[in-house]
Amino acid sequence: MKLANKNLLYSIILAGVVGIFIIGYLLLMLPSLYTDYKKELNYNDFKTSFKSFVESEGNSAEGIPTKSIGIKIPLEGYKIEFSNNSMKSNVEINDKDLRDILDQLRDALKNNKDLGKNKSELKDYGKKFEKIFEKLKGKFGDNNFAGKDMISVDMKLKDNVTDFSEENAKFYSLSERSFIMEMSVKDNLSDTNYTTFFGINRGEKAYLIEVTGVVDPSVTDIIPVILSVLPVIIPAIILLIFITSGLYSKNIVWPITLLLRDADNRRGGTGYIEPITVKGNDEIAGLAQSLNLLYKAQEEAYDKLNKESERKEIFMRSFSHQLKTPVAAASLLTDGMISNIGKFSDRDKYLPEVKKQLMAVKQMTDEILRINHIADNISPINVDVRELTENALNSVKIEAEAKNITTSCEGEAIWYCDPNMFEQILFNLIGNAVKYTGEGGQIKVRISNENIAVTNYPAHIDESIKESLFEAFVTGGESTGGHGLGLYVAKYFAELLGLELGCENLDDKVKFTLQRKE
């Protein structure tokens, strides 16, 4: 299975598990959270309306909803006010028994000096209120309302309290003068819960009471709603899963596809290939950047290897050409001596010449072997340039004195490089300067942290060989006894050390500069 398909499958499975969890959450957790939320909302709505009623001292009932009723009982007198946002009425009690009941109610509220604090005595006050309501209930018998002194009402009260069971009761203290009671009951016949809120405040001139009743939300109320929308939610979730999984899989796999294509192009292609471009800051983008650096390093190493291979090929051709002369000369001499004919038959005279030609071959071979050995063992350290330069000058002291050449060295520096290769570069440059400096000339070496300059005069480089001066077996055209490897080795070692070596004619002077690369 391809990575894209595998990633898509895993994404769908993961998203499906999340979708199942969401549906399970809707069916199991959401209903209970919804009921808790609705109960809290019912309480906060009642609390808000009750506070508004209290703040207006019972004079405004705009905040009391129609389902609630606000009651204002004066501290003295028997005129009671009932109001909400849709009505306002006053009821004056004339019946003596009802007045007594009202007085008992006021006394019960009045005797509670710490209204809103004594939660432990709430049940005792509840019993007092129950006795008061029992007396009030007696006034509402069959065909009797306040003893017919006020009005005749046909009211029948049923004793069906056993159909209800008390669920819970809560007490909320708002201040020293206000509190809210929440009482819940359950209708055993319909399995419905009802909650009644009582808000009571003792004001300066009246008792303010607000009463409301609500039907508690039930878990069974919301589950049918959830089930009814599942046929819409489930296809939407499945569609969303496929879309998001497809996009996610594409975004994850596409950069990897680019890396694969790039690797295929590099494996089968030649020449320059554009670096991989992967947007973002994630691990794949970091991998692409690392691969670009790796490919760049490989290209540089490849180019370096090609140049080195080309250099060795040219060197071997030149070396083979240079070997022809001494080998041919030695062969001609030995043939003459073996055959004992011609001018070369004199062995005593020409046998040393054969040895001379063979020694020339040996010298070139040893020089090449030494160059390869140094090039294969590069160990850079901090070297004292002044010390190595003075060693190089001392090595050519005899040859310089023989030509009355004066030498000098100025400056000091510490360079980080391979000491053997660096010393060989200095030996070759200074040795070459001694060879090609005229009688009574001068050689000056200037040292700094940026470059080393070797100047000799009188001297001049023929323009015809200047461009090929650093190639193998190229000499200045004079009989100096060299093989043309000195400057070639100096240039080769300089490149291995990351340095630049150049030369220039300055009137009757020649200047070689060994420069650090920036």
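1. Let me start with helix H8, residues 385-395, which lies across E9, strand E11 (442-447) and E12. Its direction is at about 175 degrees to E9. Bear in mind while reading that this is a predicted model.

2. The sheet under that helix is an open one of five strands, and walking across it gives the order E9-E11-E12-E14-E13, with mixed pairing. Strand E9 (406-410) and strand E13 (499-506) sit at the edges, each pairing on one side only. From one strand to the next the twist averages 10 degrees.

3. Within this sheet, have a look at E12 and E14. Strand E12 covers residues 451-457 and strand E14 covers residues 509-516; the two are antiparallel and share six bridges. If you want a residue pair to click on, Asn456 has Val510 in E14 as its bridge partner.

4. Helix H10 (residues 419-435) also lies across this sheet, over E11, E12, E13 and E14. Relative to E12, H10 runs at about 20 degrees. So much for the sheet; H10 has a helix neighbour too.

5. That neighbour is helix H12, residues 486-496, which packs with H10 at an angle of about 145 degrees, the axes being 9 Å apart. The crossing of H10 past H12 is left-handed. On the H10 side the contact is made by Met421, Gln424, Ile425, Asn428, Leu429 and Asn432, and these meet Gly486, Leu487, Val489, Ala490, Phe493, Ala494 and Leu496 in H12. By type, the residues of this contact split into nine nonpolar and four polar, with no charged ones.

6. Now to strands with lower numbers, beginning with E1. Strand E1 (residues 68-74) is mostly covered, with six of its seven residues buried. E1 pairs with strand E7 (residues 206-215) in the antiparallel sense, over seven bridges; one residue pair to check is Pro74, whose bridge partner in E7 is Ala206.

7. E1 has another partner in strand E2 (residues 79-83), also antiparallel, with three bridges joining them. Here Ile71 stands opposite Phe82 in E2. The hairpin of E1 and E2 has four residues between the strands, and Gly77 takes a positive phi near 95 degrees in it.

8. Moving along to strand E5 (residues 178-187) and strand E6 (residues 192-202): they run antiparallel and 10 bridges join them. Ser184 has Thr195 in E6 as its bridge partner. Four residues separate the strands in the hairpin of E5 and E6, where Asp191 has a positive phi near 55 degrees.

9. E6 carries on to E7 through a hairpin of three residues. These two strands are antiparallel as well, with nine bridges between them. Thr195 turns up again here: its bridge partner in E7 is Val214, while Ser184 is the residue that pairs with Thr195 in the E5 and E6 ladder. E7 also takes part in the antiparallel pairing with E1.

10. Finally, some figures for the chain as a whole. It has 12 helices and 14 strands. Of the 518 residues, 33% are buried. Among contacts with a separation of 6 or more, 59% are between residues 24 or more positions apart. The accessible surface comes to about 32500 Å², and carbon and sulfur atoms account for 55% of that.

Note on methods
Residues are numbered from 1 along each chain as its sequence is written. This is a predicted model: local features need pLDDT of at least 70, side-chain atom pairs count only at pLDDT 80 or more; totals for chains, interfaces and linings use all residues. Side-chain values use heavy atoms; hydrogens and water are left out. Two strands pair if DSSP finds at least two bridges between them. Axes are lines fitted to C-alpha atoms, for helices over the stretch in contact, and angles run from 0 to 180 degrees between N-to-C directions. Contact means heavy atoms within 4.5 Å. Buried means under 20% relative accessible area, exposed over 50%, partly exposed in between (1.4 Å probe, protein chains only). Accessible areas come from the Shrake-Rupley method with a 1.4 Å probe; for residues, only the protein chains shown count as cover. A crossing is left-handed if the near helix is turned anticlockwise from the far one by less than a right angle, and right-handed if clockwise. Ala, Val, Leu, Ile, Met, Phe, Trp, Tyr, Cys and Pro count as nonpolar, Asp, Glu, Lys and Arg as charged, and the others, Gly among them, as polar.
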